[in-house]
Amino acid sequence: MLWIDTHCHLDAHQFGAEALPVAQRASDQGVGMIVIPAVERANFAIVRELAHAAPNGCYGLGIHPIYVPRATDDDLLALREAVAAAMKDPRFVAIGEIGLDFFIPMLSEPAMRSKQEHFLREQLKIARDFDLPVLAHVRRSQDIVLKHARQIRPNGGIAHAFNGSFQQAQGYIDLGFKLGFGGAMTFTRALQIRRMATDLPLAAIVLETDAPDISPSWIHPGRNSPEQLPRIGAVLAELRGVALAEVAAQTSANARAVMPRLPLMENQDE
């Protein structure tokens, strides 16, 4: 069985010099591809180099809403230029991580909400112009992200760490998005997330770790890792009452459908 981790911050300081060994151990566990999103202009080159150094690495380019306060319009220009150059790179797969975060109080102040929405819209336009999917951060902001995505119409994407309603889920699905599920789904108290993981069409779901964050229940509050993805997948299989192999095959196919630039994985037909 082969798995795809559609969202993993392998460049985070929590991994440090261990990033490549972690990627290799994940590969040994069947994680055939790890998508590493950028979060700001300063780490565009870092995620690109890491994705090329890891045998199972690929990457996205974008400006994360948490980094918007210190970002400028020059960063948006730099992003567009970086994306144009990366279109020749077989390891480049998406625009991301982009989106909105209305959970953090400082980011919810009116001026910062406006700046976040400006950066989201401009990055959605880049995705649209280059025919790329987006890796969307939608914390406490599902409806507003949906509004902008409906207006600008990028080429689909993933609603990362999805924790909205069934109605919101359908809104993303209608726009060609998949919904990202990970460690939060492994907690028995996460009733709404587990209901969605059980009842949404399996064809709408992709798996992710968001490592080093959103650790699954068995290692919480420790550092998360892409090595945990197969066990997270096993929770999804148990919730849905289906075979593990079906979850691995379908979620990997879903990731490829929404990110068609994903490199082929070794032994992908096994």
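Strands here are DSSP runs of E with at least two residues, and helices are runs of H or I with at least four, all numbered from the N terminus. One caveat before I start: this is a predicted model.

I'll begin with the largest pocket. Its volume is about 1100 Å³. The lining takes in 41 residues, and those nearest the centre of the pocket are R139, H160, D210, D213 and I214. By type, the lining splits into 17 nonpolar residues, 15 polar ones and nine charged ones. Which strand gives the most to this lining? That is β5, with three residues. Strands β5 and β7, the latter at residues 177–181, each put at least two residues into the lining of this pocket.

Now to the strands around β5. Its parallel partner is β4, and six bridges join the two. One bridge to point at is G96 with L135, the latter in β5. On β4 there is also a pairing with β3, residues 57–61, again parallel, this time over three bridges. There, G60 has A94 of β4 as its bridge partner. How much of β4 is buried? The count is 10 of its 10 residues, so to speak of β4 as mostly covered is fair. Taken with helix α4, strands β4 and β5 form a β-α-β unit, and the unit is right-handed.

Next, helix α5, which spans residues 142–152. Its buried residues are Q142, V145, L146, H148, A149 and I152. What covers them? The cover includes two strands, β4 at 92–101 and β5 at 134–139, and two helices, α4 at 110–129 and α6 at 166–174. After α5 comes R153, with a positive phi near 60°.

Let me turn to the loop between β8, residues 205–207, and α8, residues 229–240, where T209 is found. Why is T209 called buried? Its relative accessibility is 2%, and the cut-off for buried is under 20%. Setting aside residues up to four places away in sequence, T209 touches D5, H7 and C8, and also I214, N224, S225, P226, L229 and I232. One of these, I214, came up earlier among the residues nearest the centre of the largest pocket.

Q228 sits in the loop between β8 and α8 as well. Q228 has a relative accessibility of 17%, and therefore counts as buried too. With neighbours within four places in sequence left out, the contacts of Q228 are P216, W218 and I219.

The last residue is L244, in helix α9, which covers residues 244–258. Is L244 buried or partly exposed? At 31% relative accessibility, L244 is classed as partly exposed, because that class lies between the 20% and 50% limits. Beyond the residues up to four places away in sequence, L244 touches M1 and W3, and also P230, G233, A234 and A237. As for distance, P154 is 90 residues from L244 in sequence, and the C-alpha to C-alpha separation in space is 32 Å.

To recap, β5 gives three residues to the lining of the largest pocket and is joined to β4 by six bridges. Strand β5 is also part of what covers the buried residues of α5. In the loop between β8 and α8, T209 is buried at 2% and Q228 at 17%. That's what I have.

Terms used. Residues are numbered from 1 along each chain as its sequence is written. This is a predicted model: local features need pLDDT of at least 70, side-chain atom pairs count only at pLDDT 80 or more; totals for chains, interfaces and linings use all residues. Side-chain values use heavy atoms; hydrogens and water are left out. Buried means under 20% relative accessible area, exposed over 50%, partly exposed in between (1.4 Å probe, protein chains only). Contact means heavy atoms within 4.5 Å. On a 1 Å grid over the protein atoms alone, a cavity is a set of points where a 1.4 Å probe fits but cannot get out, and a pocket is an open set with protein on both sides within 12 Å along at least five of seven lines; lining residues have an atom within 4 Å of a point. Grid points are joined across faces, edges and corners, and a volume is the space filled by probe spheres set on the points. Ala, Val, Leu, Ile, Met, Phe, Trp, Tyr, Cys and Pro count as nonpolar, Asp, Glu, Lys and Arg as charged, and the others, Gly among them, as polar. Two strands pair if DSSP finds at least two bridges between them. A crossover is right-handed if, with the strands pointing away from the viewer, the path from the first strand over the helix to the second runs clockwise.
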